[in-house]
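These are my notes on the model, set out as numbered points. They begin with a single residue and then widen to the cores and the chain as a whole.

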Amino acid sequence: FYCSFHYLSLVLGAAIVSCGNTMADDNSMSGRSSSSEDEDQPTSVRTKIKKEPCQPKARKFSVTFENFRDLPAVKNRGVQSSKFACFGHDWRLQLFPGGYSDYPTPPKGAVGVCVERSNQTGKWPNVKFLFELRYGNISLQTSGDPSSYKCYSNTSNICALTTRPDIKHRFLDDKRALTISVVMEINEFVPKNPLAATMLKLFGDEESSDVIFEITKKEEKTKKRKREMASSSVQFHAHRFILEHTSSELAALCESSPEGGMYSPIIINDIKGEVFRGLLYYIYGGEIRQESLMASGKEVIDAADKYGVVSLKLEAEVWYVHSTRITTDNVIDNLLYADAKNLALLKEAVMDYIVKNKKKVMKRVSFKEVPGDIYKDLLAAVSRVLEDSDEDNSDEEEDEEKDDYASMGIGALRQKLDQRGIDIDGSRDTLIAALKKQS
């Protein structure tokens with residue numbers, strides 16, 4: 001019995017020692033594996049995250065990586081931003097400052113960027129990504145769609161930006177920080193609000209209308225011409241309630257007309273029928289085709305300006321500017337027209353032309369009829385031309401804000417005002433004053 005017990009003790013002892021050695025080996029292997037995994041994990045670095053205005057169904061964030069030059073230049077070594085919340089998930093921006101390996105093979109030396117979902121629960125959302133580098137007037141964009149494929153279990157596909165030297169040269173700010181804007185757009189079917197379609201159905205509806213407009217041409221002296229004009233008149237049915245909220249001038253015509261224009265038409269003879277139809281169609285939520293705006297730009301601008309449909313006037317102005325070739329023969333006419341109709345974008349285009357063709361303009365153009373308040377616009381045009389050609393390298397204004405409203409383009413000023421819900425109609429001085437008041 002003693003021998004049997006002694007043998008059993010030896011066997012158990014050997015088993016315990018063997019098990020201990022095995023556990024030690026497993027722990028050692030586990031430690032190496034954990035260490036290896038830690039090397040592959042991205043390093044968290046100092047970042048600043050700011051939410052930016054964006055279009056519906058999308059969210060935009062500006063992620064700033066501080067001290068980009070000090071970030072690791074090792075291939076496939078990632079760094080990650082702080083967390084930000086979007087579409088019910090927590091995200092991080094992951095950056096590969098030293099390049100990365102991926103399929104398909106990225107451009108040589110390209111810095112990579114991707115979005116990582118921090119909370120790994122729930123379904124991966126169907127989201128599209130757009131990454132943008134921007135500094136001053138320079139911008140670069142690249143996009144990714146994680147619904148097509150994912151390199152890792154919880155990370156979007158990696159997108160190539162540009163090379164590290166190029167980023168250092170063009171995209172770092174004065175503090176050597178790199179800002180990447182990421183736009184995240186939900187890629188699911190989302191039904192639109194039906195109000196716009198409902199409003200458009202009311203356009204021209206005779207049964208529910210309570211106003212009639214009759215568009216006629218100006219009367220001529222001969223009776224024959226009068227009969228011809230009468231036969232070419234056209235009527236449009238509308239709703240006072242809609243006009244009161246979209247065109248104060250047309251609503252005022254209803255107030256001043258006998259019976260409010262319900263039974264006797266309100267006569268308008270200073271606009272073409274097709275132009276007035278487009279004006280009403282726009283008021284009811286419709287969109288006017290680009291071709292129509294380019295073909296009848298001035299007529300649409302005149303009508304929208306007279307009847308107080310500001311957004312249509314500014315849209316028509318954009319296409320008029322893009323479809324009009326400014327020359328020394330029409331530069332003054334366009335400048336006077338822009339001043340009369342308060343068309344800041346057209347005035348800016350004219351000023352840019354004058355500055356870029358100053359010698360030719362000085363020889364051939366007379367400025368006798370030009371109003372004296374254009375000098376600020378002219379100086380702003382000079383400033384923009386100098387910035388575009390990199391001739392203005394003075395350090396005298398280093399303490400000014402990056403948003404230098406004085407030299408900013410009209411389109412940029414209007415966009416800033418629109419994002420803040422401020423009226424975008426007006427001269428350059430009016431727009432700048434409105435922005436400064438809100439700052």
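1. Serine 62 is buried, its relative accessible area being 10%, and the model in which it is seen is a predicted one. With the cut-off for burial at under 20% relative accessible area, that value of 10% places serine 62 in the buried class. The residue belongs to strand β3, which runs over residues 58–65.

2. Which side chains form polar contacts with the side chain of serine 62? One partner is glutamate 52, whose side chain is joined to that of serine 62 by a polar contact of 3.0 Å; another is serine 181, where the side-chain polar contact is 3.5 Å. Leaving aside residues up to four places away in sequence, serine 62 touches Lys48, Ile49, Lys50 and Glu52, and also Thr179, Ile180 and Ser181.

3. Turning to the nonpolar cores, the largest has 61 residues, and within it Phe213 and Phe276 touch the most other members. Helix α12 (residues 344–356) contributes the largest share of this core, namely eight residues. Another core, of 29 residues, lies apart from it and includes Phe61, Phe84, Trp124 and Val182. As a general background, nonpolar side chains in soluble globular proteins tend to be buried together.

4. Phenylalanine 213 deserves its own entry. Not counting residues up to four places away in sequence, its contacts include Val234, Gln235, Phe236, Ala238 and Leu243, as well as Ile266, Ile268 and Phe276. Phenylalanine 213 also touches Leu250 and Cys254, two residues that are buried in helix α6.

5. In helix α6 (residues 248–256), the buried residues are Leu250, Ala251 and Cys254. Because these residues cover an arc of only 100 degrees around the axis, they fall on the same side of α6. The face turned away from that buried side carries Ser248, Glu255 and Ser256, which are exposed. Among the elements that cover the buried residues of α6 are the strands β12 (211–215) and β14 (266–268), together with the helices α5 (240–246) and α7 (273–283).

6. For the chain as a whole, there are 16 helices and 14 strands, and 38% of the 439 residues count as buried. Among contacts between residues at least 6 apart in sequence, 64% join residues at least 24 apart. The chain exposes about 26700 Å², of which carbon and sulfur atoms supply 51%.

Definitions and conventions. Residues numbered from 1 in each chain as written. Predicted model: local features only at pLDDT ≥ 70, side-chain atom pairs only at ≥ 80, totals over all residues. Heavy atoms only, no water. Buried < 20%, exposed > 50% of the residue type's maximum accessible area, 1.4 Å probe, protein only. Helix = DSSP H or I, 4+ residues; strand = E, 2+ residues; numbered from the N terminus. Arc of directions from axis to C-beta. Contact = heavy atoms within 4.5 Å. Areas by Shrake-Rupley, 256 points an atom, 1.4 Å probe, with all protein chains shown as cover. Polar contact = N/O pair within 3.5 Å; in protein donor to acceptor, adjacent residues only side chain to side chain. Core = buried A, V, L, I, M, F, W, Y, C linked by side-chain atoms within 4.5 Å.
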